[in-house]
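I opened a fresh page for this one and kept my notes in the order I looked things up. Pull up the viewer and follow along.

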Amino acid sequence: MITALKQNRFLKFLLISSVVYLILYLTYEFVVKKYSNLDQAFIRIIINWTDALLHIFGYKTFKVLGDTEFQSVGIDGSQGVWVGAACNAVTLFFLFAVFVLAYPGHQKSKIWFVPLGIFTIHLINIMRVTALALISFYKPEWLDFNHTYTFTFLVYGYIFSLWILWVNKYSVLPQNENK
């Protein structure tokens with residue numbers, strides 16, 4: 001079995017990425033979320049950046065911040081959008097990082113590619129929440145569809161494009177490192 005894993009790169013990638021993702025996910029769900037306020041603090045960052053973006057565009061806004069999952073942001077005159085733990089993209093950060101870390105490639109490239117990818121996913125998520133707040137203001141009846149389908153497709157598509165970039169541009173090893 002171990003010999004088969006050493007010889008089959010795909011199985012090795014699947015095993016490493018699955019184990020690391022499981023460890024990160026369980027740590028997040030059962031330690032970070034349960035024993036700290038880091039999750040709510042991260043949600044507050046998303047709400048504050050969304051609020052700042054909406055102000056830049058000239059909208060009057062409201063936001064509800066706290067240590068619970070009931071935190072929201074919106075444009076005055078709308079119901080706004082609720083931003084919960086499922087909206088903060090932390091599990092997507094794990095998904096992105098685990099793929100790159102488990103996939104072959106230069107370790108030096110991984111050191112900058114993973115944080116930069118996570119930061120850009122965070123920015124995409126803030127733009128997603130901002131767009132949802134705008135939809136909630138102008139066309140609230142479109143909010144559920146866009147939240148469920150449009151932005152899910154866009155965010156996962158962005159992460160997939162980062163993986164493709166990694167595989168095609170940064171994962172190529174010289175022949176002597178390719179073992």
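What percentage of the 179 residues in the protein do buried residues make up? I looked this up before anything else, and the answer is 37%. A reminder to myself: this is a predicted model.

**Entry: overall layout**

I counted six helices and three strands. Reading along the sequence, I wrote the pattern down as α-α-α-β-β-β-α-α-α. I then boxed the C-alpha atoms along the principal axes and got roughly 60 × 35 × 30 Å. For contacts, I took pairs at least 6 apart in sequence, and 63% of them join residues at least 24 apart.

**Entry: helix 4**

I wanted to check the length of helix 4, residues 90-102. With 13 residues at 1.5 Å a residue, helix 4 should span 18 Å, and I found its end C-alpha atoms 18 Å apart, which agrees.

Is helix 4 enclosed or open to the outside? I found 10 of its 13 residues buried, so helix 4 is largely enclosed by the rest of the structure. The buried set is Val90, Leu92, Phe93, Phe94, Phe96, Ala97, Val98, Phe99, Val100 and Ala102. As for what surrounds them, these buried residues pack against helix 2 (9-35), helix 3 (38-56), helix 5 (107-138) and helix 6 (143-170).

**Entry: the nonpolar core**

Which residues touch the most other members of the largest nonpolar core? My list reads Val81, Val83, Phe96, Val100 and Ile159, out of 40 residues in that core. At least two residues each come from helix 2, helix 3, strand 2 (72-75), helix 4, helix 5 and helix 6. I noted the general background too: in soluble globular proteins, nonpolar side chains tend to be buried together.

I stayed with Phe96 for a moment. Setting aside residues up to four places away in sequence, Phe96 touches Phe113, Val114, Gly117, Ile118, Ile121, Ile159, Leu162 and Trp163.

**Entry: the second largest pocket**

I looked up the volume of the second largest pocket and found about 260 Å³. Helix 4, helix 5 and helix 6 are the elements that give two or more residues to its lining. Helix 6 provides the largest share, five residues.

Which residues lie nearest the centre of this pocket? Of the 13 lining residues, they are Ala86, Cys87, Leu92, Arg128 and Thr152. Sorted by class, I have seven nonpolar, five polar and one charged in the lining.

**Entry: Asn125, Ala89 and Ile46**

I clicked on Asn125, which sits in helix 5. Its relative accessibility is 4%, under the 20% cut-off, so Asn125 counts as buried. Beyond its neighbours within four places in sequence, Asn125 is in contact with Ile46, Cys87, Asn88 and Ala89.

I followed that list to Ala89, in the loop between strand 3 (81-82) and helix 4. Ala89 is not a glycine, yet it has a positive phi of about 75 degrees. I flagged this angle since, in general, most residues other than glycine have a negative phi. At 7% relative accessibility, Ala89 also counts as buried.

Next came Ile46, in helix 3. Its relative accessible area is 0%, so Ile46 is buried. Leaving out neighbours within four places in sequence, I found Ile46 in contact with Val83, Cys87, Asn88, His122, Asn125, Ile126 and Val129. I also checked Ile46 against Leu5: they are 41 residues apart in sequence, and their C-alpha atoms are 41 Å apart.

**Entry: two partly exposed residues**

Tyr158 is in helix 6. At 24% relative accessibility, Tyr158 counts as partly exposed. Not counting neighbours within four places in sequence, Tyr158 is in contact with Thr120, Ile121 and Ile124. From Tyr158 to Gly117 I get 9.9 Å, C-alpha to C-alpha, with their positions 41 residues apart in sequence.

My last stop was Arg9, in helix 2. With 46% relative accessibility, Arg9 counts as partly exposed. How far apart are the C-alpha atoms of Arg9 and Pro104? They are separated by 8.9 Å, although the two residues are 95 residues apart along the chain.

Conventions
Residues numbered from 1 in each chain as written. Predicted model: local features only at pLDDT ≥ 70, side-chain atom pairs only at ≥ 80, totals over all residues. Heavy atoms only, no water. Helix = DSSP H or I, 4+ residues; strand = E, 2+ residues; numbered from the N terminus. Expected span 1.5 Å × (residues − 1). Buried < 20%, exposed > 50% of the residue type's maximum accessible area, 1.4 Å probe, protein only. Contact = heavy atoms within 4.5 Å. 1 Å grid on protein atoms, 1.4 Å probe; cavity = no way out; pocket = protein on both sides within 12 Å on 5 of 7 lines; lining within 4 Å. Points joined across faces, edges and corners; volume = space filled by probe spheres on them. Nonpolar A, V, L, I, M, F, W, Y, C, P; charged D, E, K, R; others polar. Core = buried A, V, L, I, M, F, W, Y, C linked by side-chain atoms within 4.5 Å.
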